[in-house]
Amino acid sequence: MIDQDVLGLDRVHIQAKRHGADRVVGPSDVRDFFGGLDIAKAAKGVFITTSTFSAGARETADRLGKRIVLIDGERLAALMIR
């Protein structure tokens, strides 16, 4: 959990999963994360995995009512290099 301001009014929830290359994160994983955002009272979330997200997972993240950024292993490596 990251509080972006001193009062904690703007929270970002982070979930990181280390999976093998053969494991694809699906829509149910994103929905579970979305539920966790509600419980944590977070308005935004970042879901990071060392593997990949399915097309359904990406579509689910786009349709849900909170801002969820998905970062797969490839993008994570690029961000680390940057």
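Which strand is Phe53 found in? Phe53 sits in strand 5, residues 52–53. The model is predicted. Its chain holds three helices and six strands. Four of the strands form an open sheet with mixed pairing.

**Overall build**

- From start to end of the sequence, the elements follow the pattern β-β-β-α-β-β-α-β-α.
- The C-alpha trace spans about 40 × 30 × 20 Å along its principal axes.
- The radius of gyration is 13 Å, which agrees with the value near 12 Å for a compact globule of 82 residues.
- Buried residues account for 32% of the 82 residues.
- Take the contacts between residues at least 6 apart in sequence: 60% of these join residues at least 24 apart.

**Surface and charge**

- The accessible surface of the chain is about 5,400 Å².
- Carbon and sulfur atoms supply 54% of that surface.
- Positive side chains number 13 and negative ones number 11.
- The centres of the two charge sets lie 1 Å apart.

**The sheet**

- The strand order is 1-2-4-6.
- Strand 1 and strand 6 (67–71) are at the edges, each with a single partner strand, so one side of each has no neighbour in the sheet.
- Strands of a sheet pair through backbone hydrogen bonds, in either a parallel or an antiparallel sense.
- Strand 1 (residues 2–3) and strand 2 (residues 11–17) run antiparallel and are joined by two bridges.
- In this pair, Asp3 stands opposite Arg11 of strand 2.
- Strand 2 and strand 4 (residues 44–49) run parallel, with six bridges between them.
- Val12 stands opposite Lys44 in strand 4, and Gln15 stands opposite Phe47 in strand 4.
- Strand 4 also pairs with strand 6, in the parallel sense, over five bridges.
- There, Ile48 has Ile71 of strand 6 as its bridge partner.
- In a regular strand, side chains alternate between the two faces of the sheet.

**Burial of strand 4**

- Why is strand 4 described as largely enclosed by the rest of the structure? Five of its six residues are buried, so the rest of the structure largely encloses strand 4.
- Buried here means a relative accessible area under 20%.

**Phe53 in strand 5**

- Is Phe53 buried or exposed? Phe53 has a relative accessible area of 7%, so it counts as buried.
- Setting aside neighbours within four places in sequence, Phe53 is in contact with Val24, Val25, Phe47, Arg58, Leu70, Ile71 and Asp72.
- Two of these contacts recur in the sheet pairings: Phe47 stands opposite Gln15, and Ile71 is the bridge partner of Ile48.
- Phe53 and Val6 are 47 residues apart along the chain, and their C-alpha atoms are separated by 33 Å.

**Asp22 in a loop**

- Asp22 lies in the loop between strand 2 and strand 3 (24–25).
- Its relative accessibility is 74%, so Asp22 counts as exposed.
- Which distance separates Asp22 and Ser51 in space? Their C-alpha atoms are 7.4 Å apart, although the two residues are 29 apart in sequence.

**Lys41 in a loop**

- Lys41 lies in the loop between helix 1 (27–40) and strand 4.
- With 70% relative accessibility, Lys41 counts as exposed, because that value is over the 50% cut-off.
- Lys41 has a positive phi of about 60°, although Lys41 is not a glycine.
- Lys41 and Val25 are 16 residues apart in sequence, and 23 Å apart in space from C-alpha to C-alpha.

Technical notes:
Residues are numbered from 1 along each chain as its sequence is written. This is a predicted model: local features need pLDDT of at least 70, side-chain atom pairs count only at pLDDT 80 or more; totals for chains, interfaces and linings use all residues. Side-chain values use heavy atoms; hydrogens and water are left out. Two strands pair if DSSP finds at least two bridges between them. The radius of gyration is taken over C-alpha atoms; the globule rule is 2.2 Å times the number of residues to the power 0.38. Buried means under 20% relative accessible area, exposed over 50%, partly exposed in between (1.4 Å probe, protein chains only). Contact means heavy atoms within 4.5 Å. Accessible areas come from the Shrake-Rupley method with a 1.4 Å probe; for residues, only the protein chains shown count as cover. Lys and Arg count as positive and Asp and Glu as negative; His and the chain ends are not counted. The place of a charge is taken as NZ of Lys, CZ of Arg, CG of Asp or CD of Glu.
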